[in-house]
Amino acid sequence: QVQLVESGGGLVQTGGSLRLSCAASGRTDSIYTMGWFRQAPGKEREFVAAIGRSGGSTSYADSVKGRFTISRDNAKNTAYLQMNSLRPEDTAVYYCAADRTSRVSWVPTQSFRYDYWGQGTQVTVSS
């Protein structure tokens, strides 16, 4: 089993920045892709970004491209989401997810492909 704990959320003004962290524990050797999803009130959970085990493969939702950067430090079993130029529409609960399936050159963007989930961290962007 793998446990994921997110941190770094909070309240920020439009145009500000936040960095989310996702610390993994347990059978971390079984983790391949790590991803971030978010869910705003009244909306479905949506994909934000994902990164492969080596960091060589990444994927971003169109809405965050150029503003968010995903990274990971395998030695620390931690993934990060650097969020810049935040907008009110980025307000949501952000969830970290981990996938235990090895994939050669792509990372999944669909939530059903992820095996482990964190509890989420709230990000609120004020206008």
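Strand β11 has two faces: Thr121, Val123 and Val125 are covered, while Gln122, Thr124 and Ser126 are uncovered. Strands here are DSSP runs (E, at least two residues), numbered from the N terminus. This is a predicted model, in which local features need pLDDT of at least 70 and side-chain atom pairs count only at pLDDT 80 or more, whereas totals for chains, interfaces and linings use all residues. Residues are numbered from 1 along each chain as its sequence is written, and side-chain values use heavy atoms, with hydrogens and water left out.

**Pairing of the strands**

Strands of a sheet pair through backbone hydrogen bonds, either parallel or antiparallel. Two strands are taken as paired if DSSP finds at least two bridges between them. β11 runs parallel to β2 (residues 10–13), joined to it by 4 bridges, and is antiparallel to β9, with 3 bridges. The table lists one pair of opposite residues for each of several strand pairings.

| Residue | Opposite residue and its strand |
|---|---|
| Val12 | Val125 in β11 |
| Val93 | Gln122 in β11 |
| Gly35 | Ala50 in β5 |
| Ala50 | Ser59 in β6 |
| Arg19 | Gln82 in β8 |

Strand β5 (residues 46–51) has 5 of its 6 residues buried, buried meaning under 20% relative accessible area, against over 50% for exposed and partly exposed in between (1.4 Å probe, protein chains only). β5 pairs with β4 (residues 34–39) in the antiparallel sense over 5 bridges. The hairpin of β4 and β5 has 6 residues between the strands, and Gly42 takes a positive phi near 75° in it. β5 is also antiparallel to β6 (residues 58–60), through 3 bridges. The hairpin of β5 and β6 again has 6 residues between its strands, with Gly55 in the turn at a positive phi of about 85°. Ala50 faces Gly35 of the β4 pairing and Ser59 in β6.

An open sheet of 4 strands has the order β1-β3-β8-β7, with antiparallel pairing. β1 and β7 are at its edges with a single partner strand each, so one side of each has no neighbour in the sheet. On average, neighbouring strands of this sheet are turned by 15° against each other, direction ignored; the axes are lines fitted to C-alpha atoms, for helices over the stretch in contact, and angles run from 0 to 180 degrees between N-to-C directions. Within this sheet, β3 and β8 share 6 bridges.

**The nonpolar core**

A nonpolar core is a set of buried Ala, Val, Leu, Ile, Met, Phe, Trp, Tyr and Cys residues joined through side-chain atoms within 4.5 Å. The largest one has 35 residues, of which Leu4, Trp36, Leu81, Met83 and Tyr94 touch the most other members. At least two of its residues come from each of β1 (2–7), β3 (18–26), β4, β5, β7 (68–73), β8 (78–83), β9 (92–98) and β11 (121–126). Contact means heavy atoms within 4.5 Å. Neighbours within four places in sequence aside, the contacts of Tyr94 include Trp36, Val48, Leu81, Met83 and Val123.

**Ser30**

Ser30 sits in the loop between β3 and β4. Its relative accessible area is 16%, so Ser30 counts as buried. Apart from neighbours within four places in sequence, Ser30 is in contact with Val2, Asp99 and Arg100. Its side chain reaches the backbone oxygen of Arg27 at 2.6 Å. The C-alpha atoms of Ser30 and Leu81 are separated by 21 Å, and the two residues are 51 residues apart along the chain.

Definitions and conventions. A polar contact is a pair of N or O atoms within 3.5 Å; within protein, one must be able to donate a hydrogen and the other to accept it, and residues adjacent in sequence count only if both atoms are side-chain atoms.
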